Each structure stands twice: as C-alpha cells, then as structure tokens.
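Me: I'm new to this structure and would like to get to know it step by step. Could you walk me through a few questions?

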Amino acid sequence: MTKEEKKMQKALKKKHKKEGRRVRTLDPMHYVGIYLMKTRNDATNYFPGQIDIGTAEAYIKEKREQGLKEFSIMHLFLAAFVRMYSQHPEMNRFIRGSRIYARNNIEIAMTIKKEMKVNADDTVIKLVFEPDATAEEVYHITNKVIADALSEDSDFDGVVKILNYIPRLVMKFIAWLLNILEYFGLIPKSLTSVSPFHGSMVITSLASLGIPPIYHHLYNFGNIPIFFAFGKRYNKYEITKDGTPEKHTYMDYRISCDERIADGHAYSVALRYFNSLIRKPEQLDTPPEKIVEDIP
C-alpha cells in the first residue's frame, strides 16, 4: 500500500466521526448574526479573483515530466485549498441549527461528467484529505476517486436514483423532514458522507468549457459554506518598468461564501495565502511545518 493510499484510508475513516465541534469563543455578533441571516443565501458574499498562473503552468509541466501525467490546474487548486485549510481552519467552519461548528475533516465536493457530451450523466465525488497532504498526495487521491466514480455508480448516484422514484408529495415531505434532521444534526452519516451538500467546499472548473467563471449560489440545505469556480486561461500583455510589453497568463475565479463562519478580515487573509500558494506552488511539495487548530 502506497503512502497516498494509507493517507486516503486514514482520511476516509475520519468520515465516520462527527462532522464537527461547536465553536464557542467568537465575538457575540457572530452568534447573533446567524439569527438575522437565517439561510446561506441571506449571508452570501461574493469575491472575484484574478491570478497570474505563469509559474503554476511551469510547475504543472514539471509535475507531468516527473510522471504525474494527468496533473492539472485542478489538482493544484485542490492542493492549495487543502493547505489553506491546514493554516486557516476558520475557513473550514459551518453553520448548523443556528450554531457555528469547526469541521473535523477537509471534504471537497466536485461534480464530474462521466463523458464529455452535452447529455452525459453527472456524478458527484467527495474528496477527503488530511491537512498535511502534499500536491502529489492530492493528485493520487483525486485521480483514484475519479477513476472509481467513472467505472461504476457512486453511492450518491444510488441515493438519487432511489429518491427519483418517490412520488412528489412524499418527496416534499422527505425534503421537509431532511431539513428538520439537518437542523438538529441527525442526518445519518451514511448520507452526509456522500452528500454534495455537506463538506468544506465545492469546486468547479469551467475552463474545459472555455467560458469565464460564474458566481454559483450556495445551497440552503446542508452546510457547505464556500463555492469556488474558475474559468478559462487567457493572455494579457503588460508594460514593464522599462516600457517593454510582457505576456502574462491569467485565470479568473469567483468565490461565493457564507459570511457567518468568519469575518471579512479572516477571508481576505486566507485568500491571500491561497493566491501565494498558486504563485509559488513548490510550497505544496512538502507538508506544512505545523497544522493550525481552530479556536475553542
């Protein structure tokens, strides 16, 4: 068993623990605000971002030459977010039942197409990472989960197929019941572990479609507080200090986030750190010196 497989097994085992623990020492306004902004859509803020990926593309090329032949910007973004969560755990909180929780796992949801066709089936995968995962470990874990999802129906696919056969009035009652159970944290772990509505974040790539990123809404059901979408790469010529034009490659991204989990300063610091990792991705080749724990 490889080192990456052992880490993945360890992370998957942690999925059977509680999703998180209550955070009790924040400023009182955080707790009052939950009652004033009752849903994630009430509390959603939107961040536009643009990043120079010239260094990132060189890093990706180097990884492919080292044998990680499918290494892509998606793997790099995933690795950077995992590292961000390891150093800024406040980004990995969630709201449930008018309370704030620190999530125990790093769980990232992603929708993939089983075939690159307009009417091809979609499936949702959940990627679970240890906070000290390196870029190479993220690559192996991600590719294994994708390969498994493409070869057979996922647990999420099975649940959706069952729900699809339920009469609509019964389905409305089930949806109401699920929201009640979600409020009190009583949804079975067997469902939250495969649910695309529960996790640290959702990441989606519009680059393969050749279009700019969008601001994706947050789901009121479940507890995912962040949605990250990135678009196609493009070139820009910029004038240097000596007056000569220089070509740069950029990528735009859009973030929708629940402002109730942390304040604007915490978001800005964490996102600056994320951007610094993309600009200097070699930092992701080794584990972090320490893992930062969230406040009590």
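Me: Which residue's side chain does the side chain of Asp 294 join in a polar contact of 2.8 Å?
Reply: Happy to help; this is a predicted model. Asp 294 sits in the segment after α9 (264–279), and its contacts beyond four places in sequence include Pro 89, Glu 90 and Arg 93. The polar contact of 2.8 Å links its side chain to that of Arg 93.

Me: Is Asp 294 buried or exposed?
Reply: Buried means under 20% relative accessible area. Asp 294 has a relative accessible area of 11%, so it counts as buried.

Me: How far apart are the end C-alpha atoms of helix α3?
Reply: Helix α3 covers residues 54–65, which makes twelve residues. At 1.5 Å a residue they should span 16 Å, and the model agrees, because the end C-alpha atoms are apart by 17 Å.

Me: Within what arc do the buried residues of α3 fall?
Reply: The buried residues are Ala 56, Tyr 59, Ile 60 and Lys 63. They line one face of the helix, because seen down the axis of α3 they fall within an arc of 100°.

Me: Which exposed residues does the face of α3 turned away from its buried side carry?
Reply: The buried residues of α3 pack against α4 (73–87), α5 (135–151) and α9. The face turned away from that buried side carries the exposed Lys 61 and Glu 65.

Me: Which residue in β8 stands opposite Ile 203?
Reply: Strands β7 and β8 (residues 226–239) pair in the parallel sense over four bridges. Opposite Ile 203 in β8 stands Phe 228.

Technical notes. Residues numbered from 1 in each chain as written. Predicted model: local features only at pLDDT ≥ 70, side-chain atom pairs only at ≥ 80, totals over all residues. Heavy atoms only, no water. Helix = DSSP H or I, 4+ residues; strand = E, 2+ residues; numbered from the N terminus. Buried < 20%, exposed > 50% of the residue type's maximum accessible area, 1.4 Å probe, protein only. Polar contact = N/O pair within 3.5 Å; in protein donor to acceptor, adjacent residues only side chain to side chain. Contact = heavy atoms within 4.5 Å. Pairing = 2+ DSSP bridges. Expected span 1.5 Å × (residues − 1). Arc of directions from axis to C-beta.
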